[in-house]
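Trainee: I would like to go through this structure one point at a time. Please reason each answer through to the value or name.

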Amino acid sequence: MPDVLKLIVMLFVVACEDPGVAFEPGEMGQVVAISGPLTLALETAEGPIEVRLAELDAPDAEAGRRWLETHLPGQEVRLRYDGLQRDRYDRAIAQVYLPGAGEEVWVQAAMVSAGRARVLSHPGNRGAALSLLRLEADARADGVGLWADPAFRVRDTDPDRLAQDIGSVQLVEGRVLEVTRLRSGRTYVNFGLDYRTDFTVQVEAADEAAFEAADQALADLEGRRIRVRGWLEAENGPLMRIDHPERIEWLEE
């Protein structure tokens, strides 16, 4: 196991519980190539597969790829699955582990702790999000990796500044002014007085049950300071569509 990863995993064990023990065991194989900032080619007993690291986003693609190229080529890894196992490109969507003597290194956790990726869960892949978010918070507080670059800072809800980020994944933090539920069941989480210009989060009626199940009723967001993450688009003002609760962090006052 690479020395850097040994150090990271020791820090990680203290930081949070690895949810991987509850995941479905997947393939084992050797990493033969790094094909992107979050993808790798794996040679298994059943043949080659391409793997996409689940629940991560690498806004600094070059740095993310360099990190993987430093630590993974030639290594034997194990995959674990939670939810969606293949994407539309037939890539495995998995948590990746480096087996060790009595311990495993969780690659996603190590990468987030090093500040070379940030958390981005999806409805079909969200089981590790809470653990990874804790590690991301530590890396961000320490200004590690991408968090040292102002280009990747957490944005505030100012609509004029957010307009510069339309068409990209962002983290946005602010206080909710009001939560409005339409007759259709769609909910808008508003951060300003004018929904036509201010930043808004949209949740569809079909997705609200996931928030209720997580004991995160959308109505309770009113007046709370939160951090949201996702694709930023323009619809009236800046808008972010969110479809599962791990994309919203309830912040301490």
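Trainee: Is Glu27 buried or exposed?
Mentor: The model is a predicted one, and that applies to every value here. Glu27 has a relative accessible area of 19%. The cut-off for buried is under 20%, so Glu27 counts as buried.

Trainee: Which side chain does Glu27 meet in a salt bridge?
Mentor: The partner sits in the loop between β5 (76-81) and β6 (92-99), while Glu27 lies in strand β1 (residues 24-36), and the two are 59 residues apart. The N to O distance is 3.1 Å. With 28% relative accessibility the partner counts as partly exposed. The side chain is that of Arg86.

Trainee: How far apart are the closest N and O atoms of Glu249 and Arg229?
Mentor: Glu249 is in strand β15 (residues 248-250) and Arg229 in strand β13 (residues 225-235), 20 residues apart. Both Glu249 and Arg229 are buried. They form a salt bridge, and the closest N and O atoms are separated by 2.7 Å.

Trainee: Which residues are linked with Glu249 and Arg229 in a network of salt bridges?
Mentor: The structure holds 21 salt bridges. One network of them includes Glu249 and Arg229. The other residues linked there are Glu136, Arg140, Glu173, Arg225 and Arg227.

Trainee: Are Arg241 and Glu235 buried or exposed?
Mentor: Their side chains meet in a salt bridge with an N to O distance of 2.7 Å. Arg241 has a relative accessible area of 36%, and Glu235 has 35%. Buried needs under 20% and exposed needs over 50%, so neither word fits: Arg241 is partly exposed, and Glu235 is partly exposed.

Trainee: What arc do the buried residues of helix α2 cover around the axis?
Mentor: In α2 (residues 61-71), the buried residues are Ala63, Gly64, Trp67, Leu68 and His71. Their arc puts them on the same side of α2. On the other side, Glu62 and Thr70 are exposed. The arc of the buried set is only 135°.

Trainee: Which elements give two or more residues to the lining of the largest pocket?
Mentor: The largest pocket holds about 240 Å³ of space. Of its 15 lining residues, Arg52, Asp87, Arg91, Ile93 and His122 are the closest to the centre. By class, the lining has seven nonpolar, two polar and six charged residues. The elements that give two or more residues are β3 (47-53) and β4 (56-57).

Trainee: Which element gives the most to the lining of the largest cavity?
Mentor: The search of the whole structure finds one cavity of 30 Å³ or more, and the largest cavity has about 40 Å³ of space. Its lining consists of Phe23, Ala54, Glu55, Arg80, Tyr81, Asp82, Ile93, Ala94, Gln95 and Asn125. β5 and β6 each supply at least two of these residues. The element that gives the most, with three residues, is β6.

Trainee: What is the radius of gyration of the chain?
Mentor: The chain has six helices and 15 strands, and its C-alpha trace spans about 55 × 35 × 30 Å along the principal axes. Buried residues make up 49% of the 253 residues. A compact globule with 253 residues would have a radius of gyration near 18 Å, and the value for the chain agrees with that: 19 Å.

Technical notes
Residues are numbered from 1 along each chain as its sequence is written. This is a predicted model: local features need pLDDT of at least 70, side-chain atom pairs count only at pLDDT 80 or more; totals for chains, interfaces and linings use all residues. Side-chain values use heavy atoms; hydrogens and water are left out. A salt bridge is a side-chain nitrogen of Lys or Arg within 4 Å of a carboxyl oxygen of Asp or Glu. Helices (H or I, at least four residues) and strands (E, at least two) are DSSP runs, numbered from the N terminus. Buried means under 20% relative accessible area, exposed over 50%, partly exposed in between (1.4 Å probe, protein chains only). The arc is that of the directions from the helix axis to the C-beta atoms. On a 1 Å grid over the protein atoms alone, a cavity is a set of points where a 1.4 Å probe fits but cannot get out, and a pocket is an open set with protein on both sides within 12 Å along at least five of seven lines; lining residues have an atom within 4 Å of a point. Grid points are joined across faces, edges and corners, and a volume is the space filled by probe spheres set on the points. Ala, Val, Leu, Ile, Met, Phe, Trp, Tyr, Cys and Pro count as nonpolar, Asp, Glu, Lys and Arg as charged, and the others, Gly among them, as polar. The radius of gyration is taken over C-alpha atoms; the globule rule is 2.2 Å times the number of residues to the power 0.38.
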